[in-house]
Amino acid sequence: MSTTREVCLLIGPEDQVLWGDSFDDPVALPDSRPRWEAIWSLRDTLVEITHSHPEGPLGFSQEDETTMAALQAALGRPLRFSVVAPDGMVVRMGGEDVLVRDEPSWAAPLRIASGLLYGRPRAAPTLLQEDGLLVDSVHRKP
């Protein structure tokens with residue numbers, strides 16, 4: 001039995017956690033009606049949707065990609081999406097995946113709820129300031 005689980009948080013202005021849920025599986029967070037209803041009811045204040053990948057990878061899965069596209073189409077506006085993994089955090093901003101150096105205040109509780117801690121150290125970052133986040137580097141999506 002795994003001690004890790006995927007956790008999802010809905011984030012509002014000023015990094016406020018608006019809602020969250022989890023599933024007792026380290027590699028899956030199945031669709032849930034309560035999550036979709038929360039997204040819809042919070043759509044006017046929703047800034048970011050984040051979730052954990054407690055077993056990795058530090059990136060978005062194919063399922064994440066289709067879910068993000070469906071959410072943005074349904075809401076009719078861009079959202080920020082992020083994944084917290086053992087090796088760090090990545091954010092999708094404006095079609096680019098960005099490694100986050102200084103994680104927001106909600107990331108540590110998300111790690112605890114997911115049963116994960118920080119993983120392997122990474123090489124020294126190249127620092128950029130973007131959208132209020134201090135990030136390591138920018139990676140274009142193909």
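This passage describes the cores and helix packing of a predicted model. Local features are reported where pLDDT is at least 70 and side-chain atom pairs only at pLDDT 80 or more, while totals for chains, interfaces and linings use all residues. Residues are numbered from 1 along each chain as its sequence is written, and side-chain values use heavy atoms, with hydrogens and water left out.

A good place to start is the largest nonpolar core, which holds 16 residues. Such a core is a set of buried Ala, Val, Leu, Ile, Met, Phe, Trp, Tyr and Cys residues joined through side-chain atoms within 4.5 Å; buried means under 20% relative accessible area, exposed over 50% and partly exposed in between, with a 1.4 Å probe and protein chains only. The members that touch the most others are Leu10, Ile39, Leu46, Ile49, Phe60, Leu79 and Phe81. Two or more residues each come from strand 1 (6-11), helix 1 (33-41), helix 2 (62-75) and strand 4 (80-85), where helices (H or I, at least four residues) and strands (E, at least two) are DSSP runs numbered from the N terminus. Helix 2 gives the largest share, three residues. Another core, of twelve residues, lies apart from this one and includes Val98, Val100, Trp106 and Leu110.

Ile39 also takes part in the packing of the two helices. Beyond its neighbours within four places in sequence, Ile39 is in contact (heavy atoms within 4.5 Å) with Leu10, Leu46, Ile49, Leu71 and Leu75. Where helix 1 meets helix 2, Trp36, Ile39 and Trp40 face Thr67, Leu71, Ala74 and Leu75. The two helices pack at an angle of about 40 degrees with their axes 11 Å apart; axes are lines fitted to C-alpha atoms over the stretch in contact, and angles run from 0 to 180 degrees between N-to-C directions. Helix 1 is therefore oblique to helix 2, since angles under 35 degrees count as roughly parallel, over 145 as roughly antiparallel, 65 to 115 as roughly perpendicular and the rest as oblique.

Turning to helix 3 (residues 107-114), its buried residues are Ala107, Leu110, Arg111 and Ser114. Seen down the helix axis, these fall within an arc of 100 degrees, so they line one face of helix 3; the arc is that of the directions from the axis to the C-beta atoms. Their cover includes strand 1, strand 3 (48-52), strand 4 and strand 5. Val91, in strand 5 (residues 88-93), counts as buried at 1% relative accessibility.
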